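The exercises below deal with charged pairs, aromatic pairs and the nonpolar core of one protein model. Please work through each task with the structure open before reading its solution.

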Amino acid sequence: MAYSKELVSQIGDFLKSAGITAAFEEKDGNAFFSIRMKLRCKLQTAQMILLVRQDNFATLTTLPLAADENHRLAMAEFLTRVNWGLRNGNFEMSMNTGEIRYKTYVHTGAQPLDVSAARNAVLLPFLMIDRFGDALLEVLFGFKSPREAFESLSAK
């Protein structure tokens, strides 16, 4: 087994106590929760997979749109600008498919789950997508350059 059942239980309890609806699935020795969250930005929604391992968990929160080939370099520049200075988690993009996601990671070790760390890891991706989503769309559709879209964020 490639994951901790105790950690799965602790994360499940945390999600339930936080009022977050999540589906649990075990597949090919992996354990993960699926969470869909409504957003305030124009993207409107994002899907998170919370992957539980033996002594850690990671979140991968994907956007409902991907960058087409013609906009991937611009999107890579925009995401690099956004990622600079982020303290927890980061945006990433597949240069092959254009998939864009936000990733967090929490090392738990043999300790009980740190609820504060879990809360940050689960909520932060949705907050970051809400914060940067509209500017991301402006780059994705070619309305603004990466620099213009990023600089417009500080004007808000």
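**Exercise 1. Find how many salt bridges the whole structure holds, and examine the one that Arg40 forms.**

Solution. A search of the whole structure, which is a predicted model, finds six salt bridges. One of them joins Arg40 to Asp130, with the closest N and O atoms 3.8 Å apart, and this falls inside the 4 Å cut-off for such a pair. The next step is to place the two partners: Arg40 lies in the loop between strand S2 (30–38) and strand S3 (45–52), whereas Asp130 belongs to helix H3 (residues 115–140), so the salt bridge ties together parts that are 90 residues apart in sequence. The last step is accessibility, where Arg40, at 73% relative accessibility, counts as exposed, while Asp130, at 15%, counts as buried.

**Exercise 2. Describe the salt bridges Glu138 to Lys144 and Glu151 to Arg147, and state how accessible each partner is.**

Solution. Take the pair Glu138 and Lys144, whose side chains meet in a salt bridge at 3.5 Å, N to O. Glu138 counts as partly exposed at 23% relative accessibility, and Lys144 is partly exposed with a relative accessible area of 29%. Turn then to Glu151 and Arg147, whose closest N and O atoms are 3.8 Å apart; both residues lie in helix H4 (residues 146–154), four residues apart, which is about one turn of the helix. Glu151 is partly exposed, with a relative accessible area of 44%, and Arg147 is partly exposed as well, at 45%. Elsewhere, salt bridges that share partners join Glu92, Arg101 and Lys103 into one network.

**Exercise 3. Count the aromatic pairs, and classify the geometry of Phe24 with Phe33 and of Phe91 with Phe132.**

Solution. The count comes to four aromatic pairs. For Phe24 and Phe33, the ring centres are 5.1 Å apart and the planes stand at 55 degrees, so the pair is tilted. Phe24 counts as partly exposed at 40% relative accessibility, whereas Phe33 is buried, with a relative accessible area of 5%. For Phe91 and Phe132, the ring centres are 6.0 Å apart and the planes stand at 85 degrees; because planes over 60 degrees apart count as edge-to-face, the pair receives that label. Phe91 lies in strand S5 (residues 90–93) and Phe132 in helix H3, so these rings tie together parts that are 41 residues apart in sequence. Both partners are buried, Phe91 at 4% relative accessibility and Phe132 with a relative accessible area of 9%. Ring pairs also link Phe91, Tyr102 and Phe132 into a cluster.

**Exercise 4. Identify the residues with the most contacts inside the largest nonpolar core, and list what Ile100 is in contact with beyond its sequence neighbours.**

Solution. The largest nonpolar core has 45 residues, and those with the most contacts inside it are Ile11, Val52, Met75, Phe78, Phe91 and Ile100. The largest share of this core, 13 residues, comes from H3. To follow one of these residues outward, set aside the neighbours of Ile100 within four places in sequence; Ile100 is then in contact with Thr61, Thr62, Leu63, Ala67, Met75, Leu79, Phe91, Glu92, Met93 and Leu136. Comparing the two lists shows that Met75 and Phe91 appear in both. Phe91 therefore links this exercise to the preceding one, as a buried residue that is also part of the ring cluster with Tyr102 and Phe132.

How values were computed:
Residues are numbered from 1 along each chain as its sequence is written. This is a predicted model: local features need pLDDT of at least 70, side-chain atom pairs count only at pLDDT 80 or more; totals for chains, interfaces and linings use all residues. Side-chain values use heavy atoms; hydrogens and water are left out. Helices (H or I, at least four residues) and strands (E, at least two) are DSSP runs, numbered from the N terminus. Buried means under 20% relative accessible area, exposed over 50%, partly exposed in between (1.4 Å probe, protein chains only). Rings of Phe, Tyr and Trp (its six-membered ring) pair if their centres lie within 6.5 Å; planes under 30 degrees apart count as stacked, over 60 as edge-to-face and the rest as tilted. A nonpolar core is a set of buried Ala, Val, Leu, Ile, Met, Phe, Trp, Tyr and Cys residues joined through side-chain atoms within 4.5 Å. Contact means heavy atoms within 4.5 Å.
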